[in-house]
Amino acid sequence: MKTGFIILEHPADIGIEAYGKNLKEAFEQSAVALISFILDASKIDSTELKSIEIFASDHEQLLVKWLSEILFLYDGENFVTNSFEIEKLTSKYLKAKVKGEKFNNCKHPTKLDVKAITYHQIIVEENEHGGLIRVYLDI
């Protein structure tokens with residue numbers, strides 16, 4: 001299966017369809033896509049490392065919490081990320097390392113304000129072809 005993501009059109013939101021050779025890679029690509037909506041990730045220096053650990057009831061909730069944590073790092077801690085490594089992923093647990101730096105208005109001009117991650121038409125699946133994620137963002 002291919003790796004990466006595409007943008008999905010929606011009347012009120014914006015969607016991500018992320019792919020990977022497995023579900024871990026699809027989760028990583030969904031974070032790359034989220035950041036690409038907010039700012040130019042190529043301008044982020046990966047100088048600081050943060051660990052993320054999330055527990056959830058299922059893959060869908062895990063995905064929403066994962067992307068919400070990336071959004072919180074940006075909105076709540078002024079930390080921008082461009083490197084995502086999922087170390088462990090089960091149906092109810094995610095452990096990851098993210099790299100980035102403190103947000104700088106001059107260095108990181110923003111593109112789009114993402115308010116939240118939604119459960120609208122969410123898909124998280126893995127089969128013999130790889131991992132697939134579909135999720136919509138409230139903008």
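This is a short chat about helix α2 and some salt bridges in a predicted model.

User: What kind of model is this, and how are residues numbered?
Analyst: It's a predicted model, where local features need pLDDT of at least 70, side-chain atom pairs count only at pLDDT 80 or more, and totals for chains, interfaces and linings use all residues. Residues are numbered from 1 along each chain as its sequence is written, and side-chain values use heavy atoms, with hydrogens and water left out.

User: Okay, where is the kink in α2?
Analyst: The kink is centred on Leu71 and is about 25°. That bend is the angle between axes fitted to the seven residues ending there and the seven starting there. Helices here are DSSP runs (H or I, at least four residues), and strands are too (E, at least two), numbered from the N terminus.

User: What caps the N-terminal end of α2?
Analyst: Asp58 does, with a side-chain oxygen 3.2 Å from the backbone nitrogen of Glu60.

User: Switching topic, how many salt bridges does the structure hold?
Analyst: Seven. Each one is a side-chain nitrogen of Lys or Arg within 4 Å of a carboxyl oxygen of Asp or Glu.

User: Which residue does Glu87 pair with?
Analyst: Lys97, with the closest N and O atoms 3.3 Å apart. Glu87 lies in strand β4 (residues 79-89) and Lys97 in strand β5, so the pair ties together parts ten residues apart in sequence.

User: And which residues are joined into one network?
Analyst: Asp45, Glu101 and Lys107, through salt bridges that share partners. Asp45 and Lys107 meet at 2.5 Å, N to O.

How values were computed: A polar contact is a pair of N or O atoms within 3.5 Å; within protein, one must be able to donate a hydrogen and the other to accept it, and residues adjacent in sequence count only if both atoms are side-chain atoms.
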